[in-house]
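Trainee: I would like to learn how to read salt bridges, burial and sheet packing from a model. Where do we begin?

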Amino acid sequence: MTIVYRYGKTYYVNLTNRCPCRCVFCVRNRTDALGDAECLWLDKEPTPEEVIAELETKDLSGSDEIVFCGYGEPTERLDDLIASMRMVRSRLGKRVRLDTNGLGNLINGRDIVPELAECVDRISISLNASNAAEYLDITRSKFGIESYQAVLDFIAECRKSIQGVTVSIVGGYIPEESERKCAEIAEKYGVAFRIRRCGISLPMD
Ligand code: SF4
């Protein structure tokens, strides 16, 4: 199993395979690995110490940022995620980005943004759709129709306390009019917007 993999010039941490969604475009439906990974399906979820030990085996000299992304939703393991991100900063001296589906508050049953804001430099949030019904069609979230508003609320909270906030959609899965509305939503929330054209969901770049 692969805990840390390189995709392009960036190193990604694969913390969990758990996820509350079954997105129609999820890369996991099509391949078991990305970048230089051998297999991103985990036999066992790594501890924060194992994550750092694995990162320390890599040549990180060309990377000033480590991304927590994985083959699942990192906030499913919030405590271990936060512990790992803190160690990336303190022991490796790298910046931290989190790629998330934005459902962490529903997953954990509380507002997790204050905890994230203490250890995340940038965050990329999958918006995926322009309204709640469209979102549910695309993501098939186990949280149902409430999921979309939860993502919007999460974006708004992140905007208040995290400097680099980007929301994204995967191009080609919703109508162009919906894509335009997503861009308007990002503008309204004061965050950057990105359409991923590659048709995969993870990683972000
Ligand atoms: S794309 Fe992300 S949020 Fe959607 S099912 Fe895959 S891992 Fe989960």
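Mentor: Begin with one pair, and keep in mind that this is a predicted model. Glu-45 makes a salt bridge with Arg-77, and their closest N and O atoms are 3.4 Å apart. The two residues are 32 apart in sequence, so this pair links distant parts of the chain. Glu-45 sits in the loop between strand 2 and helix 1, and Arg-77 in the loop between strand 3 (65-68) and helix 2 (78-92).

Trainee: How do I read burial here? Is Arg-77 buried or exposed?

Mentor: Look at relative accessible area; under 20% counts as buried. Arg-77 has 8%, so Arg-77 is buried. Glu-45 has 27% and is therefore partly exposed.

Trainee: Which other residue forms a salt bridge with Glu-45?

Mentor: Arg-18 does, with an N to O distance of 2.8 Å. Both Glu-45 and Arg-18 lie in the loop between strand 2 (10-13) and helix 1 (48-55), so the pair ties together parts that are 27 residues apart in sequence. Arg-18 is partly exposed at 39% relative accessible area.

Trainee: How should I read a salt bridge over a short stretch of sequence?

Mentor: Apply the cut-off: a side-chain nitrogen of Lys or Arg within 4 Å of a carboxyl oxygen of Asp or Glu. The side chains of Glu-54 and Lys-58 meet at 3.9 Å, N to O, so by that rule they form a salt bridge. Glu-54 is partly exposed at 26% relative accessibility. Lys-58 is also at 26% and partly exposed.

Trainee: Which residues are joined into one network by salt bridges that share partners?

Mentor: Arg-18, Glu-45, Arg-77 and Asp-80. For the whole model, the count comes to 14 salt bridges.

Trainee: Where is Asp-80 found, and what is Asp-80 in contact with beyond its neighbours within four places in sequence?

Mentor: Asp-80 is in helix 2. Leaving those neighbours aside, Asp-80 is in contact with Leu-15 and Pro-48. Check the backbone too. Asp-80 and Thr-47 are 33 residues apart in sequence, yet their C-alpha atoms are 6.9 Å apart in space. At 29% relative accessibility, Asp-80 counts as partly exposed.

Trainee: Now the sheet. In what order do the strands run?

Mentor: Read the order from edge to edge, then the pairing. Seven strands form an open sheet in the order 1-2-3-4-5-6-7, with mixed pairing. Strand 1 (4-7) and strand 7 (192-196) stand at the edges; each has a single partner strand, so one side of each is left without a neighbour in the sheet. From one strand to the next, the twist averages 25°.

Trainee: How many bridges join strand 2 to strand 3?

Mentor: Three, and these two strands run parallel. For a residue pair, take Val-13, which stands opposite Phe-68 in strand 3.

Trainee: Which strands does helix 1 touch?

Mentor: Take the contacts, then the angle. Helix 1 packs on the sheet and touches strand 1, strand 2 and strand 3. The direction of helix 1 makes about 45° with that of strand 1.

Trainee: Which strands does helix 7 lie across?

Mentor: Helix 7 (residues 176-189) lies across strand 6 (164-170) and strand 7. Relative to strand 7, helix 7 runs at about 155°.

Definitions and conventions
Residues are numbered from 1 along each chain as its sequence is written. This is a predicted model: local features need pLDDT of at least 70, side-chain atom pairs count only at pLDDT 80 or more; totals for chains, interfaces and linings use all residues. Side-chain values use heavy atoms; hydrogens and water are left out. Helices (H or I, at least four residues) and strands (E, at least two) are DSSP runs, numbered from the N terminus. Buried means under 20% relative accessible area, exposed over 50%, partly exposed in between (1.4 Å probe, protein chains only). Two strands pair if DSSP finds at least two bridges between them. Axes are lines fitted to C-alpha atoms, for helices over the stretch in contact, and angles run from 0 to 180 degrees between N-to-C directions. Contact means heavy atoms within 4.5 Å.
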